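Trainee: Please take a close look at one buried spot in this structure for me. Then connect that spot to the sheets, helices and cores elsewhere in the chain.

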Amino acid sequence: MPDLTDKQTFSDQDALDFHQHPTPGKISMAPTKPMATQRDLSLAYSPGVAIPVLAIAADVDKAYDYTSKGNLVAVISNGTAILGLGNLGHMASKPVMEGKSVLFKRFADVDSFDVEVKTTDPDEFITVVKNIGDTWGGINLEDIKSPECFVIESELQDLLDIPVFHDDQHGTAIISTAGLINACYITGKKLEDVKVVLAGAGAAGLSSIALMKAMGVRAENTVIVDRDGVVYKGRAEMDQWKAAHATDTPHRTLAEAMVGADVVLGLAAKGAITKEMVASMAPNPIIFAMANPDPEITPEDVLSVRTDAIIATGRSDYVNQVNNVLAFPYLFRGALDVRARQINHEMKIACAQALAQLAREDVPDEVAAAYSGRKLKFGRDYIIPTPFDPRLIWYIPPFIAQAAMDTGVARVAIPDMDAYRASLRERVDPSAALMQKISSAVRAAPNKRVVFAEGEETTVIRAAWGFKQAELGTPILIGREDLVRKNAAEAGLDFDAMGIEIVNARVSDRNVEYTDFLYDKLQRRGYLRRDVQRMINQDRNYFAAAMLARGQADAMVTGTTRNFNMVLKEVRRVLDVEGDSLIGLSIVLATGRTLFVADTSIHELPSAEELADIAIQAAATVKKLGRTPRVAFLSYSTFGNPPGERGEKVREAIRILDQKGVDFEYEGEMPPELALDPALRSNYPFMRLSREANVLVMPALHSAAISTQLVQALGGATVIGPLLVGLEKSVQIVSLGASVSEIITAATFAAYEEGVSVEFEPDDEDVTPHPSAAAERSMAATPV
């Protein structure tokens, strides 16, 4: 079997192996309810299942409440237009449909299964889908050839009371329209003035032209070209869908139509557009060559004749990829969450506008990581977001849901859009629920001044900007002002507009004050005054920590350019430990569970006294975070079996806590499974924990660090931290080379530690709710 394209980055065998091993296919089913006991079985099936059956029989809309219908999409095809490969039959389309289902789940937490229909007759296809349609909350039609796809989608939407969406048409239309909005913005062109040529009058092309017209492109400024030439009024042998877009034009070929055109949309085939055609276009031409797997003209060929062009393709190995995954998961997410009856024109427009708007905002580091470190910034090479932008899940669906509500196709309303956005974050990021609470508490508290010690670093500058934009406090950047402003400008940030303070340690008028303060602390520890003067003048960590100590700032974040131990030593020379112990506390967030792990950064081999202090400090911090601490001291040993030196230290720590009479639950020593699963405790009736532990005290630093890093590496959980707890002032040290989002998280916790309190709702106290449950609560299912 030949390779599909000369730029393919994998072999055909690689693709076959990927689909075959270790399990054939790309999807499977995961139950959402436990099936561990006889009671579970009775509730899930007979006799308990009869109760929701009767409820749905009385009111079919109750299916949204008692079944998975509200988060379930069918991906349906007959295989008549598979990718760029043509009519290869319904079963040949199954790998594509499974892939679409995977994308629904990965990007928007929408459950999806594929359905391949064995017919090429549109009427038969419609009958099949009509008769199974009520099973789903929505239907995604895929890889159905034109013009039958128009008839199928239109009739099914009339027959069914759920969204029916042909992604090949509308997905491409939404993304290309979003790209056109921003390309016009960059080039100074107006939608109502641009001349648009469409090469390829299939489903995607005609839908793109239709949506662009709805956005403001004038019909008389469009020319459509199919394999027979220009689609003009009066041309014979045109179907009704092409005829709807026919214009009065003297042009009869694509080459003629492209002379002086501002925009060309390529949805045809490789080689359809030539260099000569591109050279004839208007200044700053916008060229979307979207055929797959090979575009109508390569970007290299375009740039060889037009350096002023903005180019987009359908490929991931070029800039500005028009990828449908930017639209369909989030479009359905918003539609499902209001139980929409259809996806209408206004919802598609809302999606295109939201994507265009998102592309103009600063791009998070997670996106750069997904693209081999390539920094993306709004401009000619970045006019639409990338598929791995983590903001898509919470940014786009609210616009869709609002449009559905505004146009009357929603069954339920979302009364609180901020809560809805928060619930969307939780669907793909288990840390979102906790961070939402922490961030809200920081915003509600008196404004905190947070020092970003490494203020000349671009990532730190962007983090300070994001911190300020999120209204989490007032950032102070330590660095040379000219360099900070230069790096900020290169990142596209305007500091004058935001009012972020920049402090140069070398020329600060507080140098003498800070030097006197630090010399007083260090003069009997081997430091001369000139040593301290140099530390304050030349080292931003000393200067920033002195700002905290002297009350000119409330909190500090650092660590992106130096290793943890070096930074900690510097900060400790300025700030003292306050309380029982200085510890590192990591937060492990997984679906349904939040755990706090200590000590993950300070004590290498803690003594029994240190283990007790670690537990006290961790429990106090967990209380401050609004949770009820239940501490388990972990060990290889279970209450003395087998015996050993480390186990004895844990037992001694328990005796120390007994003597101190602390006000939190604790128990040990025990392995992790005993700490986390109450069902295993029948052999230990003396255990003092009322339920599963949520604070895990590790016997040594290596076990703490390895366990948290292993959990993060394996996936399925998010690890925040280690958070530094116990200094007299709030300081957080991020990892070397931390991302913008990691720095913002650390700064938020630093601001939170400095005198902010938070109250959690009872059902938030010890577990992270499943994302779908959180989403339901945020909407409150208010009928429209």
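Mentor: T313 sits in strand β10, which covers residues 310-313. Keep in mind that this is a predicted model. T313 has a relative accessible area of 0%, so this residue counts as buried. What does T313 touch? Leaving aside residues up to four places away in sequence, T313 contacts A289, M290, P295 and P299. Y318, V319, N320, Q321 and V322 also touch T313.

Now look at the cores. The largest nonpolar core has 101 residues. Within this core, I139 and I174 touch the most other members. Helix α15, residues 345-359, gives the most to this core, with nine residues. Take I174 next. Beyond residues up to four places away in sequence, I174 touches F165, L211, A327 and L331. K348, C351, A352 and L355 are contacts of I174 too. Another core, of 65 residues, lies apart from the largest one. Its members include V484, A488, I502 and L625.

Next, one of the sheets. Four strands form an open, parallel sheet in the order β2-β1-β3-β4. The edge strands are β2 (111-116) and β4 (164-166). Each has a single partner strand, so one side of each lacks a neighbour in the sheet. On average, neighbouring strands here are turned by 25° against each other, direction ignored. Strand β1 (residues 72-77) runs parallel to β3 (residues 138-141), and four bridges join them. I76 has L141 of β3 as its bridge partner. Helix α6, residues 122-132, lies across β1, β2 and β3. Its direction makes about 165° with β1.

One residue in the loop between α5 (94-108) and β2 deserves a stop: D109. Its phi is positive, about 55°, although D109 is not a glycine. Most residues other than glycine have a negative phi. Is D109 buried or exposed? Its relative accessible area is 8%, so D109 is buried.

Compare F639, in the loop between β18 and α29. F639 also has a positive phi, near 50°, and is not a glycine. With a relative accessible area of 22%, F639 is partly exposed. P642 lies in the loop between β18 and α29 as well. The peptide bond joining N641 and P642 is cis, with omega about 0°.

That loop belongs to a neat arrangement. β18, helix α29 (residues 645-660) and β19 make a right-handed β-α-β unit. Five bridges join β18 (residues 630-634) to β19, and the two run parallel. A632 stands opposite E667 in β19. How enclosed is β19? Five of the six residues of β19 (residues 665-670) are buried, so this strand is largely enclosed by the rest of the structure. β19 also holds E669. The peptide bond from G668 to E669 is cis, with omega near 0°. Most peptide bonds are trans.

Now a five-stranded sheet. It is open and parallel, in the order β14-β13-β12-β15-β22. β14 (501-503) and β22 (730-733) stand at the edges. Each has a single partner strand, so one side of each is left without a neighbour in the sheet. The twist averages 20° from one strand to the next. Three bridges join β13 (residues 474-478) to β14, running parallel. I478 faces V503 of β14 across that pairing. Two helices to follow here are α21 and α26. Helix α21, residues 458-469, packs on the sheet and touches β12 (449-452) and β13. Its direction makes about 165° with that of β13. Helix α26, residues 540-549, touches β12, β13, β14, β15 (555-558) and β22. Against β15, the direction of α26 makes about 165°.

Last, helix α32, residues 740-753. At 1.5 Å a residue, its 14 residues should span 20 Å. Its end C-alpha atoms are 20 Å apart, which agrees. Which residues of α32 are buried? They are V740, I743, A746, A747, T748, F749, A750, A751 and Y752.

Key: Residues are numbered from 1 along each chain as its sequence is written. This is a predicted model: local features need pLDDT of at least 70, side-chain atom pairs count only at pLDDT 80 or more; totals for chains, interfaces and linings use all residues. Side-chain values use heavy atoms; hydrogens and water are left out. Two strands pair if DSSP finds at least two bridges between them. Axes are lines fitted to C-alpha atoms, for helices over the stretch in contact, and angles run from 0 to 180 degrees between N-to-C directions. Contact means heavy atoms within 4.5 Å. Buried means under 20% relative accessible area, exposed over 50%, partly exposed in between (1.4 Å probe, protein chains only). A crossover is right-handed if, with the strands pointing away from the viewer, the path from the first strand over the helix to the second runs clockwise. The expected span of a helix is 1.5 Å times one less than its number of residues. A nonpolar core is a set of buried Ala, Val, Leu, Ile, Met, Phe, Trp, Tyr and Cys residues joined through side-chain atoms within 4.5 Å.
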